Amino acid sequence: MSARTDPQTGPDRPVRADARRNRDRLVAVARTAFTAGGDTVTLEGIARAAGVGIGTLYRHFPTREALVEAVYAAELDELTASAPALLDEFPPEAALRAWMDRYAAFFATKHGMLDALRVSLASGGVAISGTRERITAALGAILAAGARTGTLREDVAADDVTMLLLGVFLSMGGDRAPEQTARLLDLVVDAVRP
């Protein structure tokens, strides 16, 4: 069971399984919707696509910003948790490139909910400094594994690579051509090879 509590039952009772499923489904649908439609997506449309009523959405997420924060947190958790899993599956160099694709997807989702994220940033609901630290730590784990095997340079700081990746994503704007993004990410990987 989740440590999160159900606002309907109070802080001492765990979230019911059906409530957790509804919440998770809302976050998944919102993630897809924000990536595709950005800030034009309606909460009613998200509730309908998730197969729940608007009241259920508002019970979990009383504001649009609360939903955006949940999507952002879920995306960040998945991105940062993927680094060790990718290293278990691939050699460090391939894990790095696969992780970069996941980071690109994370950035695309963030771009799709930019206006709502600005509100969350202003209110303190989303902390960019914590985000960057977590991303850089995940990237650092991959770079360190590559340095140990000799497949990635040991003199490259994870923060520098994070800045390179942000430069790639920001330069592409909202009109990212997947092929060009892939070429640029390949160039970043080339830059960190010995």
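Where does Val 52 lie? I looked there to start, keeping in mind that this is a predicted model.

**Entry: Val 52**

I found Val 52 in the loop between α2 and α3, the latter spanning 54-60. Buried or exposed, I wondered about Val 52? I have Val 52 down as buried, since its relative accessible area is 13% and the cut-off for buried is under 20%. Leaving out residues up to four places away in sequence, I listed what Val 52 touches: Asn 22, Arg 25, Leu 26 and Ala 47. I also checked the spacing to Arg 25: 27 residues apart in sequence, but 9.2 Å from C-alpha to C-alpha.

**Entry: overall layout**

I stepped back to the whole chain. I counted nine helices and zero strands, so my sketch of the element order from the N terminus on is just α-α-α-α-α-α-α-α-α. The protein has 194 residues, and I noted 42% of them as buried. For contacts with a separation of 6 or more, I got 66% from residues 24 or more positions apart.

**Entry: α1**

Back to α1, which runs over 17-37. I have 21 residues for α1 and a reach of 30 Å from its first C-alpha to its last, close to the 30 Å expected at 1.5 Å a residue. Which residues of α1 are buried? My list reads Ala 19, Asn 22, Arg 23, Leu 26, Val 27, Val 29, Ala 30, Arg 31, Ala 33 and Phe 34. I noticed that two of the names on it, Asn 22 and Leu 26, are also touched by Val 52.

**Entry: α4 and its kink**

I moved on to α4, at 64-89. I have 26 residues for α4, reaching 37 Å from first C-alpha to last, close to the 38 Å expected at 1.5 Å a residue. Where is the kink in α4? I placed it at Ser 82, shortly before the proline Pro 84, with a bend of about 35°.

**Entry: α1 against α4**

I took the pair together next. The axes of α1 and α4 come within 9 Å and cross at roughly 90°. That puts α1 roughly perpendicular to α4, because angles of 65 to 115 degrees count that way. I wrote out who meets whom: from α1, Arg 23, Leu 26, Val 27, Ala 30, Arg 31 and Phe 34; from α4, Arg 64, Leu 67, Val 68, Ala 70, Val 71, Ala 74, Glu 75 and Glu 78.

**Entry: the nonpolar core**

Which residues touch the most other members of the largest nonpolar core? I got Ile 46, Trp 99 and Leu 165, out of 50 residues in that core. The elements giving two or more residues to this core are α1, α2, α4, α5, α7, α8 and α9. I marked α4 as giving the most, with nine residues.

I then followed Trp 99. Not counting residues up to four places away in sequence, Trp 99 touches Leu 79, Ser 82, Ala 83, Leu 86, Ile 135, Ala 138, Leu 139, Ile 142 and Leu 165. Ser 82, where I had put the α4 kink, is one of the residues that Trp 99 touches.

**Entry: Phe 169 and its surroundings**

I looked up Phe 169 in helix α8. With a relative accessible area of 1%, Phe 169 is buried. The C-alpha atoms of Phe 169 and Phe 107 are separated by 7.1 Å, with their positions 62 residues apart along the chain. I checked Ala 108 too, in helix α5. Ala 108 counts as buried at 18% relative accessibility, because buried ends at 20%. From Ala 108 to Phe 169 I read 8.4 Å, C-alpha to C-alpha, at 61 residues apart in sequence.

**Entry: Gln 180**

My last stop was Gln 180, in helix α9. I have Gln 180 as partly exposed, with a relative accessible area of 35%. The C-alpha atoms of Gln 180 and Val 168 are separated by 9.7 Å, the two residues being 12 apart along the chain.

Terms used: Residues are numbered from 1 along each chain as its sequence is written. This is a predicted model: local features need pLDDT of at least 70, side-chain atom pairs count only at pLDDT 80 or more; totals for chains, interfaces and linings use all residues. Side-chain values use heavy atoms; hydrogens and water are left out. A nonpolar core is a set of buried Ala, Val, Leu, Ile, Met, Phe, Trp, Tyr and Cys residues joined through side-chain atoms within 4.5 Å. Buried means under 20% relative accessible area, exposed over 50%, partly exposed in between (1.4 Å probe, protein chains only). Helices (H or I, at least four residues) and strands (E, at least two) are DSSP runs, numbered from the N terminus. Contact means heavy atoms within 4.5 Å. The expected span of a helix is 1.5 Å times one less than its number of residues. The bend at a residue is the angle between axes fitted to the seven residues ending there and the seven starting there. Axes are lines fitted to C-alpha atoms, for helices over the stretch in contact, and angles run from 0 to 180 degrees between N-to-C directions. Angles under 35 degrees count as roughly parallel, over 145 as roughly antiparallel, 65 to 115 as roughly perpendicular and the rest as oblique.
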